[in-house]
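Got your viewer open? Let's take a walk through this one, stop by stop, with something to select each time.

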Amino acid sequence: MPRIDILDLVSAVGEPAGRPRVLSSGCGWPRDLLEQLISAHEGWGAPGVQAPDMPVVSSLRIQPGAMPGSGNHYAVSVTWGAGGEIKHRCLLVHHEDYIKAGFHPYLLLAEQAGMLLEGVTLPQWEDGHAPDTATCALVTDGLQRLLQRGELHLPLSQPESGCDRILALLLTLIPVRTRAQLRFTSFSPGEPWLWNLAAVRQPGGSLVDWKRRVMDLSGYDIGPEAGKYLREARTHLAAGDLKGLNSLARRTRFQPSLGGGRHSATAGPDQGGSRIGLRPRGTATAPVARSEAPPRIGTSTAASVPVAEKAGSAGKRRPGGQASQQPMPVLSSRHRPRIVLERRRLRPVSMPDPRRNRRLPARVVTTLVFLGVLAGGWLLGGVPGLSVDSLIHKLTPAWDRQDDGPAEAPLLAVVDVGKVYEEILTRNQTGILEGGSLGEKSRRKAVAQLRREAARPLAGQIAAYFEVAEGGIRTSPQPGRESRRLDILASEGRDLGGDLDRLSLAWYSLSRGICWQDLGVLPDGAVMGRCDSLDRVDGAWRASAASDLGMGDLHEQLAAMVRETDAMGRLVDLFQAGTWSAQWQRDLLAAAGAVPPAASPVTRAYRNAAFVLARLKDAEHAAASRDLPFGAGWSEGGWPSAAVREVLPALRRVTGMFRQGRAPVSLASAVGLYAMLEDPRAAAERAAADPEFWRAVNANPAVAFDPGVYEDILGRVRFEALRPYLDRGDPASAWPGHLTTLAAAPMLMEFHGLLAMDPPARIWRREEADLTDAFLRRWAERKSRGTSLASRARQAAFDGAWRTLIADLDRVNTLARANRNWSEAWLALQASALDLLNRYVLAFEDDPVARAQMVAASNLLDTMARPLDLRVLGARVDLERVPVGAVPVLEAVVMPAGRSVGRRELVAADGFRDPVDVPLGWSFSLDPSNWLVLKVVDRTTGGVILEATCPSLQEGAGPAAMSSPLEGEGGSVALTLGPNFWRQLELPDLGGIF
């Protein structure tokens, strides 16, 4: 008899939450187990749900870790209405007991109904007659739908008399190993649980709806393996041969995959508007016309799609940096994919239009200054280095210039420091070189003239440079032109820095009376070298020059602005790169880090986009993301990876910060690609039906920018697009021609067959060597590596479990030979043997050595379950009270059989005030599941004076506990066992099996 634990739940009708509560004591039941059972029975107490007219049967597998101990557990429950309430009795059964019932809840309940369900009449589903033709057709078509979809939800308004028989027959048709994973209920008031096979409440639903929903698949090809199994099952069912069905379900190697169930009652596309909708698994797609030159699976077609090359794409070397890479190809407007930033429409984020004038007062002020400078220059006879063209260019605000004009034109110099120095030196050299107060006066006069004619105009020019440079990156339809403008702007800043160095040297020459004759004609490199030499001699000279000339820390500010401007140019330039590389990403982050956070909106957009794009690439190149296209759950929300999904909202957000059509191609194309592949399953279906969609996916610039990331997912999408045709066994001529070629069909069919069989690693290695398709070859290599690792890990775990079993067996045999108590060691040995069988009986069914080891472990369990002879020499009875005139009689009963093994009258001279020693000499046998009940009864009245129980060996007690006083109602009793009891146990030695 299987060991079954019982848990009672009750649902109060009309409760808003609809959650049942636990009736039986929850003490000792794990919280995870209670939550699973309560969730599985939710909805029965919800308003509008009536108590079921007939008992409802459900079965589910308990999730690992919810039950203490080793092995798997299952819950089979019965729900019925009683006294205005809805009761649920849950039977918790171990894997080894449930497997005897073939994982069939009706078979298990048929054995336990009389003892466990207290008068509840279960449905009669097995009447001994062969099903009629209509029932056979309904059940087999339901099985076909289950094989196709992995789940089957049937609509009912209430449980019906014929439903349990149909569902029970359908359960019988399912292969046993698949049945072990099944979540089943003969009726559910809603969908709180992930049922695979369920009748779910639907207003107006009936058995007629069942027939209409499951009998619409006639003539649908489900593949050779499933078709063969379905034909054999239909033959046995039509003949009423349930034993043959059970045999077929146990021995078959065909195992359909079960779906993941549903969380809500959403209508599917094939349900005709019904709330009970099933998502199609492997359904057919409409045939589409083939293109003339279809690409092979696993290869990108991006190279074959014509793209518009940008003019002027040759690499250029930046100052102090490396040559920029080729810009990313840009699609023409006719081929450019539509970029979807969010699932819902959002108001586009637009940047200010540089052509619109928002600073009218500034324009007026600038114009007045312009006219004033012209008038002053005319009156003074001209300012050295100042021209009308330079002033027009300098004083025209950047936002008034046309984007198509020469925005990269340099700022023209308005002051020549070297020429001013030479003029001062020509007029005042004699006085500067003199000593005393006259020479000091001449030097102060020269420095004042230098301050007035060179320092102040240069400071004004640098301030104007700051105003232009602080505008940062400007939005432009031609990023290459903006990159060149920033390059020239940074170069102008470096020139201004050189002018500052020359000005500082001029101050040093005039103030110290040195009068360098070559300072006006020194090249910039020589000026920098002379400044470095002065730094070694006098470290404070720069600060003194800046203070005397009124320049402050202008030199440091200018250097910082030049670095930032150069970084902006490099940032724009890097975003035009055509290929991803690790070095490119490092350069991108370095350039973005050098850009100030409080820059212009477009500059901040570029800066933020750089950080987001780098995060995306890190997530895409991570091993966890690269392995997803080769996994089993890639289409169930598993792709993209969690790290990529975390970055995508930020990617869409920074792309929306640019003006429409002005976002860098690397950003916009990535957003578009993830929008097209957001649901890989839907993308596969669309790729099979729409050649233009497939070409647009492969032509996306993001694929060409970083093909190593996207080639595998595109190869998997293409394979999944072909999978329905492979599952049905369609001829290659019927496949979508734009996805593959006829020549590649045999390779695809062979690979598809291997995926279904999941062969060992050596088969995958052989397949890898034969494959010519790059994606399939990488997939085979992953399968080989994964299968090999999993096989080694499973073999190592099995070897460890076998060694534990041998060690526990040696310990028991050692104690038995020494005639010592082996109860604790016996329990550990039993647990080791059950753990070995529960975990590996199916995993190593094809391994002859492991199979022999598991057969030996099974035989060991049978040997351990044999009864052992027990001889009781005497007893010591301590009675708390004995009725006057009573004649106490000691009796021993072996349970659960209720077999009495001996009676003996108790005699005490002192009226039982002290313990009584009674010689017995009883002999009987006990097996590990038996427990002993000791009673002292009054022979005259039959009343119980003392009753004590010794639990069984399996419960941790057994004969070892009999020698200690067994406390009970009315006193205690202790037995004296005969010698050599522990030596009786003889277990086989398993050391020779390896």
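In which loop does Phe103 have its place? Select it and look: Phe103 sits in the loop between helix H2 (95-98) and helix H3 (105-116). Keep in mind throughout that this is a predicted model. Check the backbone here, as phi of Phe103 is near 55°, a positive value in a residue other than glycine. Most residues other than glycine have a negative phi. Buried or exposed, then, for Phe103? With 5% relative accessibility, Phe103 counts as buried, because the cut-off for buried is under 20%.

**The eight-stranded sheet**

Now colour the strands in the order E2-E1-E5-E4-E3-E7-E8-E6: these eight form an open sheet with mixed pairing. At its edges are strand E2 (21-22) and strand E6 (152-156), each of which pairs on one side only.

Start with strand E1 (residues 4-12) and strand E5 (residues 85-94), which run antiparallel and are joined by nine bridges. For a landmark, pick Asp5, whose bridge partner in E5 is Leu92.

Next, select strand E7 (residues 184-188). Five of its five residues are buried. What does E7 pair with? Strand E3 (residues 56-61) runs antiparallel to E7, with two bridges between them, while strand E8 (residues 197-201) runs parallel to E7 and is joined to it by three bridges. Thr185 is a handy residue to click on: Thr185 in E7 has Ser58 opposite, and Ala198 in E8 also stands opposite Thr185.

Before leaving, show helix H5 (residues 161-173). H5 lies across E6, E7 and E8, running at about 160° to E7.

**A one-sided helix**

Jump to helix H16 (residues 541-549) and pull up its buried residues, which are Trp541, Ala545, Ala546 and Leu549. Why do they end up on the same side of H16? They cover an arc of only 135° around the axis, which puts them on one side together. In an α-helix there are 3.6 residues a turn, so residues three or four places apart point the same way.

Spin the view to the face turned away from the buried side, and the exposed residues Ala543 and Ser547 come up. Then bring in what the buried residues of H16 pack against: helix H13 (436-469), helix H14 (479-511) and helix H15 (524-537). Just after H16, Gly550 takes a positive phi of about 75°.

**Two crossing helices**

Select helix H24 (residues 680-689) together with helix H25 (residues 691-699). Their axes come within 5 Å and cross at roughly 120°. That crossing makes H24 and H25 oblique to each other. To see the contact itself, show Ala683, Arg686, Ala687 and Ala689 of H24, plus Pro691, Phe693 and Trp694 of H25.

**Around the start of H31**

The loop between helix H30 (774-817) and H31 holds Asn819. Here is another positive phi in a residue other than glycine: the value for Asn819 is near 55°. At 22% relative accessibility, Asn819 counts as partly exposed.

Move along to Ser823, which lies in helix H31 (residues 823-840). Ser823 is at 5% relative accessibility and counts as buried. Draw a distance between the side chains of Ser823 and Asn821: a polar contact of 2.8 Å joins them. Which residues does Ser823 touch, leaving aside its neighbours within four places in sequence? Show Leu953, Ala957, Ala960 and Trp982, which are in contact with Ser823.

**The four-stranded sheet**

Last stop: an open sheet of four strands, ordered E11-E10-E13-E14 and paired antiparallel. Strand E11 (899-905) and strand E14 (944-950) stand at the edges with a single partner strand each, so one side of each is left without a neighbour in the sheet. Look along the strands for the twist, which averages 15° from one strand to the next.

In this sheet, strand E10 (residues 888-895) and strand E13 (residues 931-938) run antiparallel and are joined by eight bridges. Click Val893 and its bridge partner in E13, Val933.

Finish with Pro896, placed in the loop between E10 and E11. Zoom in on the peptide bond joining Met895 and Pro896: that bond is cis, with omega about 10°. Most peptide bonds are trans.

How values were computed. Residues numbered from 1 in each chain as written. Predicted model: local features only at pLDDT ≥ 70, side-chain atom pairs only at ≥ 80, totals over all residues. Heavy atoms only, no water. Buried < 20%, exposed > 50% of the residue type's maximum accessible area, 1.4 Å probe, protein only. Arc of directions from axis to C-beta. Contact = heavy atoms within 4.5 Å. Pairing = 2+ DSSP bridges. Axes fitted to C-alpha atoms, helices over the stretch in contact; angles between N-to-C directions. Polar contact = N/O pair within 3.5 Å; in protein donor to acceptor, adjacent residues only side chain to side chain. Parallel < 35°, antiparallel > 145°, perpendicular 65-115°, else oblique.
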